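Hi,

Here is the model I said I would pass on. Have a look at it first, and then read my notes below.

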Amino acid sequence: LIFLYFMSEEISISNVQSLEQIPQEQTVRIAGIITKLRQSEKAYFLQVEGQETTTMNIIFFPDEETFIEEGDYVEVIGDVEVYQGKKEVIATNVIVK
């Protein structure tokens, strides 16, 4: 348990406004408004507009029923990945603020 405590101290999550300079597999925190939302059977596909009007694509695979909609202000934590040459975030957590 002590190891996990010290390990958690070393992990930092970057607050980002753009994914351009963020390396792949970096964990990030994004806050913004959902401007576009599409739901499939197992995933949500979101576009979130941050404070600097940068729009980011986010994919979220929730473990339980999730209630989000366009216009919600959310905080997203996830990992940066590249899909078809474009960076996007695979979310591990989406919190409606």
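To start with the whole chain: what percentage of the 97 residues of the protein chain count as buried? The figure is 30%. Do keep in mind that this is a predicted model.

**Overall layout**

The protein chain has one helix and six strands, and along the sequence they come in the order α-β-β-β-β-β-β. Its accessible surface comes to about 6,900 Å², with 49% of that belonging to carbon and sulfur atoms. If you take the contacts between residues at least 6 apart in sequence, 46% of them join residues at least 24 apart.

**How the strands pair**

I went through the pairings from E2 onwards. E2 (27-39) and E3 (44-49) run antiparallel and are paired over six bridges. Four residues make up the hairpin connection from E2 to E3. One pair to click on here is Ile 33 with its bridge partner in E3, Glu 49.

E3 then carries on to E4 (residues 55-60), again antiparallel and again with six bridges. Glu 49 turns up here too, standing opposite Thr 55 in E4. So Glu 49 has a bridge partner in Ile 33 and another residue opposite in Thr 55, if you follow the definition of pairing by bridges. Another pair between E3 and E4 is Gln 47 with Asn 57.

What is the sense of the pairing between E4 and E6? Those two pair in the parallel sense, over three bridges. Phe 60 has Ala 91 of E6 as its bridge partner. Ala 91 also stands opposite Gly 78, so to speak from the other direction, and that brings us to E5. Strand E5 (residues 73-83) and E6 (residues 86-96) run antiparallel, joined by 10 bridges. Their hairpin has two residues between the strands.

**The core**

Which residues have the most contacts inside the largest nonpolar core? They are Ile 30, Leu 46, Val 48, Ile 58, Val 76, Val 89 and Val 94, in a core of 18 residues. E2, E3, E4, E5 and E6 each supply at least two residues of this core.

E3 is a good strand to look at side-on. Tyr 44, Leu 46 and Val 48 make up its covered face, while Phe 45, Gln 47 and Glu 49 make up the uncovered one. Leu 46 and Val 48, from the covered face, are among the core residues with the most contacts.

**The largest pocket**

The largest pocket holds about 220 Å³ of space. Its lining consists of Lys 36, Leu 37, Arg 38, Phe 45, Leu 46, Gln 47, Asn 57, Ile 58, Ile 59 and Glu 88. E2, E3 and E4 are the elements that give two or more residues to that lining. You will recognise some of these names: Gln 47 and Asn 57 are bridge partners, and both line the pocket. Leu 46 and Ile 58 also line the pocket, and they are on the list of core residues with the most contacts.

**A contact from a loop**

Where does Glu 69 lie? Glu 69 is in the loop between E4 and E5. Leaving aside residues up to four places away in sequence, Glu 69 touches Ile 34 and Leu 37. Glu 69 and Ile 34 are 35 residues apart along the chain, yet their C-alpha atoms are separated by 7.1 Å. Leu 37 is also one of the residues that line the largest pocket.

**Two positive phi values**

Two loop residues caught my eye in the backbone angles. Glu 25 is not a glycine, but has a positive phi of about 75°. This residue is found in the loop between E1 (14-15) and E2. Is Glu 25 buried or exposed? Glu 25 counts as exposed because its relative accessibility is 59%, and the cut-off for that is over 50%.

Gln 84 is the other one, with a positive phi near 50° in a residue other than glycine. Gln 84 belongs to the loop between E5 and E6, in the hairpin mentioned above. With a relative accessibility of 67%, Gln 84 counts as exposed.

Over to you.

Best wishes

Note on methods. Residues are numbered from 1 along each chain as its sequence is written. This is a predicted model: local features need pLDDT of at least 70, side-chain atom pairs count only at pLDDT 80 or more; totals for chains, interfaces and linings use all residues. Side-chain values use heavy atoms; hydrogens and water are left out. Buried means under 20% relative accessible area, exposed over 50%, partly exposed in between (1.4 Å probe, protein chains only). Contact means heavy atoms within 4.5 Å. Accessible areas come from the Shrake-Rupley method with a 1.4 Å probe; for residues, only the protein chains shown count as cover. A nonpolar core is a set of buried Ala, Val, Leu, Ile, Met, Phe, Trp, Tyr and Cys residues joined through side-chain atoms within 4.5 Å. On a 1 Å grid over the protein atoms alone, a cavity is a set of points where a 1.4 Å probe fits but cannot get out, and a pocket is an open set with protein on both sides within 12 Å along at least five of seven lines; lining residues have an atom within 4 Å of a point. Grid points are joined across faces, edges and corners, and a volume is the space filled by probe spheres set on the points.
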